[in-house]
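Colleague: I'm new to reading structures, and I'd love a slow, close look at just one part. Please take me through the salt bridges, and tell me how well covered their partners are.

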Amino acid sequence: MTRPFNFSAGPANLPEEVLQQAAAEMLDWHGSGMSVMEMSHRGKEFVSIYENAEADFRALMVIPPHFKILFMQGGGLAENAIVPLNLSRGNAADFVVTGGWSDKSQKEARKYCDVKIAASNESSGHTSLPPPASWQLRRDASYVHLCTNETIHGVEFQDLPDLKALGSDAPLVIDFSSHVASRPVDWSRVGLAFGGAQKNLGPAGVTLVVVREDLLGHALPACPSAFNYKTVADNQSMYNTPPTYAIYIAGLTFSWLKRQTESGLSGVAAMEQRNRAKAQLLYDAIDSSAFYFNKVDPQCRSRMNVPFFLRDESRNDAFLAGAASHRLLQLKGHKSVGGMRASIYNAMTIQGVQALVAYMQEFERTQS
Ligand code: PMP
């Protein structure tokens, strides 16, 4: 029996092949007699899993050699503290607020440094993006923070800003939790990127951090050792016991991603093609209907998280119950926004989006 289509914002659906491989290897990984969960993180078996995962992530994301890849814990919310502890030097940091997640980031950073909001889209209800030329960046900022895909509000930067062209020498920090590996990253514009794995890359419990080497070694004295990027980097992410099973599943997902092909493209470029097609199908269905709507400026709509609303909100419960009976799961919108949200990460197939669109059209017909 095929599995239902799962539109959770995260933890989210994983490729079926990944789950099947993990199930097949659960009791005995590659003849070792051990489950991955039972292995020492310093043994040769786990070290090989770790090294493959790191190499595959680097290849997949085309990460240049002068960036370190760290596998950490604490998720995006812990990074909201870990980044200023490591990068701010207690000085200034500029934030572009584009939705709930970047707003949380700037609030947390205030504990550690002098935060300024360089730009905000709050007046639009987080439905558009402030153009980079309007950002008020400070000359002495130690970094500039953006959330490149706002999971709740469904706004996504289609290009990374070139801070140098805006007159800033500060490194750009991006929270790419909810669209990592869904599209390529221009690393020449990035100082540090972080994201939890539980949307596009694996289970909850491991946070990916990609950091330019020159940004290591400047942590505040109060920074916990386990959260000091230099300490983590010097110990190949094994200063403390890493989340071994989550790293293993993320590794299986990286190799699944590397195997994907689409229109002659492979890996992340192939995923980008598919993600474009999936998002377009869903937004077109919403925009062409008088029954549903999406509030986000079409220039910056997320390809990953599609919030949408029924014009008649009294039908929300019936919509969700009908969706569940069509095996379309976890479509309820975030509590701060309401309505519906379909998260269509890498592991969501075009068939899943087609099934959702067919259900939406059927529901609309039966209601009018
Ligand atoms: N940033 C973004 C963009 C997110 O979507 C989330 C989680 N939904 C977080 C940060 C927080 O991540 P975590 O819960 O793993 O700390």
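Modeller: Let's sort out one bit of vocabulary before we dive in: a residue is buried under 20% relative accessible area, exposed over 50%, and partly exposed in between (1.4 Å probe, protein chains only). Bear in mind that this is a predicted model, where local features need pLDDT of at least 70, side-chain atom pairs need 80 or more, and totals for chains, interfaces and linings use all residues. Numbering runs from 1 along each chain as its sequence is written, and side-chain values use heavy atoms, with hydrogens and water left out.

Now for your salt bridges (a side-chain nitrogen of Lys or Arg within 4 Å of a carboxyl oxygen of Asp or Glu). Searching the whole structure turns up 17 of them. I'll pick out a few for you, so have the model open and find each pair as we go.

Start with D56 and K258, whose side chains meet in a salt bridge at 3.1 Å, N to O. This pair links distant parts of the chain, with D56 in helix α2 and K258 in helix α6 (residues 244–259), 202 residues apart. Those helix names come from DSSP runs (helices are H or I with at least four residues, strands are E with at least two, numbered from the N terminus). How covered is each partner, D56 and K258? D56 counts as buried because its relative accessibility is 17%. K258 has 38%, so it counts as partly exposed. So in this bridge a buried aspartate meets a partly exposed lysine.

Next, look at R189 and D186, where the side chains also form a salt bridge, this time at 3.6 Å, N to O. R189 is partly exposed because its relative accessible area is 31%. D186 gets that label too, as its relative accessibility of 35% makes it partly exposed.

Then go to E262 and R274, where the N-to-O distance across the salt bridge is 2.7 Å. E262 sits in strand β11 (residues 261–262) and R274 in helix α7 (residues 267–287), so this bridge ties together parts that are twelve residues apart in sequence. On the cover side, E262 is partly exposed at 29% relative accessible area, and R274 is partly exposed at 23%.

And it doesn't have to be one on one. D94, D114 and R138 are linked in a network of salt bridges, so click on that trio as a group.

To get a feel for the numbers, it helps to see residues elsewhere on the scale. Try H30, in the loop between α1 and α2: H30 is exposed because its relative accessible area reaches 55%. Then try A181, in the loop between β8 (172–175) and β9 (192–196): A181 has 1% relative accessibility, so it counts as buried.

While you're there, check their backbones. Phi of H30 is near 50°, a positive value in a residue other than glycine. A181 isn't a glycine either, and its phi is positive too, at about 65°. Why stop to look at that? Because most residues other than glycine have a negative phi. So a positive phi turns up here in an exposed residue, H30, and in a buried one, A181.
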